[in-house]
Amino acid sequence: MAKVLMKGNEAIAEAAIQAGCKAYFCYPITPQSEVAEYLAKRMPEVDGVFVQGESEVAVGNMIFGAASTGKKVFTTSSSPGISLMQESISYIAGAQLPAVFVNIMRGGPGLGGILPAQSDYFQSVKGGGHGDYRLLVLAPSTIQEAVDLMMLAFRLADKYRNPVMLIGDGMIGQMMEAVEFPDNYEEPETSSGDWATTGASGREPRIIKSLFLDPKELEDNSWELHDKYEMMKKDECRNEAYNVSAKNKILITSYGTMARICQTAIDELKDEGISVGLFRPVTLFPFPEKALQKEINKKNIKAVLTVEMSTGQMYEDIELANKGSKPHEFFGRTGGIVPAPEEVKEKVKEMIKKYSVSSGKNKKNNRGK
Amino acid sequence: MAMNTETIFSRPKSMTEKVTHYCPGCTHGIIHRLVAEALDELELREKAVGVAPVGCSVLIYNYINCDFLEAPHGRAPALATGFKRLRPDMTVFTYQGDGDLASIGTSEIIHTANRGEKVTIIFVNNAIYGMTGGQMAPTTLPGQITTTSPAGRDASKTGQPLKISEMLATLATPSFIQRTSVHDPQHIIQTKKAIKEAFTYQKEGRCFSLVEVLSTCPTNWGLTPSESNKWLKENLMNFFPLKVFKRPNDGEDSK
């Protein structure tokens, strides 16, 4: 298919259609309402289902009911709306159903603002709802990658019978870029024949539930979930590295749009004769810990810099991988303020100065101005 | 002898043989059976999916012999909406108590009814939270003693009982809404008819349907089963009159 210029939100919507998703439930919230506007027109063209619900609480539960049919379903929202969906996400994870959620993040906490942020990392990765469960979390840094990861999200949701969360900051939703959809995309067969509640005809009734009053059964279910998450850790870690070189002293870690801004900073630093590398997790859960450790442990790397559009959330997972082995600093802006490449460059130069001479102390500082 | 025996009463196919966990005198068992009979008679069991609530009837999926989903508290109509939109060929019903439907789930029930989702809601109203131990519900009568209204419900502070069927009947969207009771055989038969009518509308793809069934809770009312039936008749039925509030042919069918 030829490249088309599309807004991120619309590209995400079209990617779901291309992935064979025929059901979308939504509640309007900035900055992702274009997904709903696009699908209100597009879903009827493919005989799909489009429902605008009365709240994100209801929408999450419509997804729960719809996923029980065994068909591909998804919803999109933004930070405060995703908070309201946490009830259903916990139930869907507990009941082991596939579903795709998209969070086009805005600044928080509370009503926050409507501008881009990455402050829902903890909510997505560490479990926003109650109980022992995890989401598969995908973080695109370009509109093309948002398309590719959306299509992957449906496959992974079905493969693991687990909710998948795709998180993009507001820029991923609002920015326009040229994207390409795959030709002749083949929908993999779903596993739903084994579990969907399609009517107890010629078989025993199926019960889709997360209630296990017998503690042993509940424990078994929790360990079963745990085993799935371990499988994800083994098989689904995805990451990208940029400008890896033996000349690098500083390793930047960043994800989503922020990683692209870091790439610009890296390119500009190169022009000044300074070489810096970037490690970008694409899956935030499972977290590509081993690949990251490999980069951190390289002898030439003197220190690690994590850059986020938050006050420091992924920083903690980077540090869990780093285990204090190299000094690790943080730079972030939030509330809808997006760090400029200049700010990243300034921070990198400061760190090069600090860590080139001798090894410094492991110290987290630094908010933006 | 054997040649002359004839089965005149048996367990509906849509009921399992499991012994229910309900308290002695509780009317959930009767209402479950009426739902099962309706599914049998309309031949819906093999294409039905029920949505269980949170509350005493959370384990309904152990007793009614069809596919089931277990919803979060109050959200059964949202699950039913999601399911029915993707499988309009299947019969989708929820079974919810008054805590589930009339308190935490008010938003979901109103909007599901207003969108005219072609699902069936069995709303069991016994004016109290049973599962959690007899707390005040939105449907608790003024003066009724519960664990959270130990001096009797004070309507000046907690409002008047919420009349869900009356409220939903004000919506312009066509629907079937009836309130019945199961405190004596005559009313049990009437309830069966209402439930069957509700499922029939769904089978015909016509409209949203809700049957509110006045029910007892001897344990948390602190009454014997027969006293409970009497209390229902003399108190609950006064506040919640039995009535067909709405039929789809009252207006135009929703499309």
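Helices and strands here are DSSP runs, a helix having at least four residues and a strand at least two, numbered from the N terminus. With that in hand, let us walk through this predicted model, starting at a loop. Asn184(A) is found between strand E8 (176-179) and strand E9 (207-208) of chain A, in the loop that joins them. Its phi is near 45°, a positive value in a residue other than glycine. Is Asn184(A) buried or exposed? It counts as exposed, because it has 5 C-beta neighbours inside 10 Å, and the cut-off for exposed is 12 or fewer.

Arg161(A) makes a good companion to look at next. This residue also is not a glycine, and its phi is positive, at about 45°. You will find Arg161(A) in the loop between helix H6 (143-160) and strand E7 (163-169) of chain A. Here the neighbour count is 21 C-beta atoms inside 10 Å, so Arg161(A) counts as buried; the threshold for that label is 20 or more.

Two further loops of chain A hold cis peptide bonds. One joins Gly108(A) and Pro109(A), with omega about 0°. Pro109(A) sits in the loop between strand E5 (99-105) and helix H5 (121-125). Another cis peptide bond links Phe285(A) to Pro286(A), again with omega about 0°. In this case the loop that holds Pro286(A) runs between strand E13 (283-285) and helix H10 (289-296).

Let us step back to chain A as a whole. It has 12 helices and 15 strands. Its radius of gyration is 21 Å, close to the 21 Å that the globule rule gives for 369 residues, so chain A is as compact as a globular protein of that length. Along the principal axes, the C-alpha trace spans about 75 × 50 × 40 Å. Of the 369 residues, 53% count as buried. If you take the contacts between residues at least 6 apart in sequence, 81% of them join residues at least 24 apart.

For a close look at one residue, try Met105(A), which is placed in strand E5. With 30 C-beta neighbours inside 10 Å, Met105(A) counts as buried. Setting aside neighbours within four places in sequence, its contacts are Ser78(A), Ser79(A), Ala117(A), Gln118(A), Ser119(A), Asp120(A), Ile167(A), Asp169(A) and Gly170(A). How far apart in space are Met105(A) and Tyr121(A), C-alpha to C-alpha? They are 9.5 Å apart, with their positions 16 residues apart in sequence.

Now for helix packing. Two packed helices are described by the angle between their axes and the distance between the axes. In chain A, the axes of helix H3 (residues 56-67) and helix H4 (residues 79-95) come within 7 Å and cross at roughly 30°. An angle under 35 degrees counts as roughly parallel, and H3(A) and H4(A) are therefore roughly parallel to each other. The crossing of H3(A) past H4(A) is right-handed. On the H3(A) side the contact includes Val57(A), Ile63(A) and Phe64(A), which belong to a set that meets residues of H4(A), among them Leu84(A), Met85(A) and Ile89(A). The residues of this contact divide into 10 nonpolar, four polar and two charged.

H3(A) returns when we turn to chain B. In all, 30 residues of chain A are in contact with 29 residues of chain B. On the chain A side, the elements that give two or more residues are strand E2 (23-26), strand E3 (49-52), H3, H4 and E9. Which element supplies the largest share of that side? It is H3(A), with seven residues. By type, the chain A side divides into 15 nonpolar, 10 polar and five charged residues.

We finish inside chain B. Helix H1 (residues 28-41) and helix H7 (residues 185-203) of chain B pack at an angle of about 45°, their axes 9 Å apart. H1(B) and H7(B) are therefore oblique to each other, and H1(B) passes H7(B) in a right-handed crossing. Ile30(B), Leu34(B), Val35(B), Glu37(B), Ala38(B) and Glu41(B) make the contact from H1(B), while H7(B) brings Ile188(B), Thr191(B), Lys192(B), Ile195(B), Lys196(B) and Phe199(B). These residues divide into seven nonpolar, one polar and four charged. Helix H2 (residues 76-86) of chain B is mostly covered, with 11 of its 11 residues buried; Lys84(B) and Arg85(B) are among them.

Note on methods: Residues are numbered from 1 along each chain as its sequence is written. Chains are lettered from A and ligands numbered from 1 in the order in which they are written. This is a predicted model: local features need pLDDT of at least 70, side-chain atom pairs count only at pLDDT 80 or more; totals for chains, interfaces and linings use all residues. The radius of gyration is taken over C-alpha atoms; the globule rule is 2.2 Å times the number of residues to the power 0.38. Two residues are in contact if their C-beta atoms, placed from the backbone, lie within 7 Å. Axes are lines fitted to C-alpha atoms, for helices over the stretch in contact, and angles run from 0 to 180 degrees between N-to-C directions. Angles under 35 degrees count as roughly parallel, over 145 as roughly antiparallel, 65 to 115 as roughly perpendicular and the rest as oblique. A crossing is left-handed if the near helix is turned anticlockwise from the far one by less than a right angle, and right-handed if clockwise. Ala, Val, Leu, Ile, Met, Phe, Trp, Tyr, Cys and Pro count as nonpolar, Asp, Glu, Lys and Arg as charged, and the others, Gly among them, as polar.
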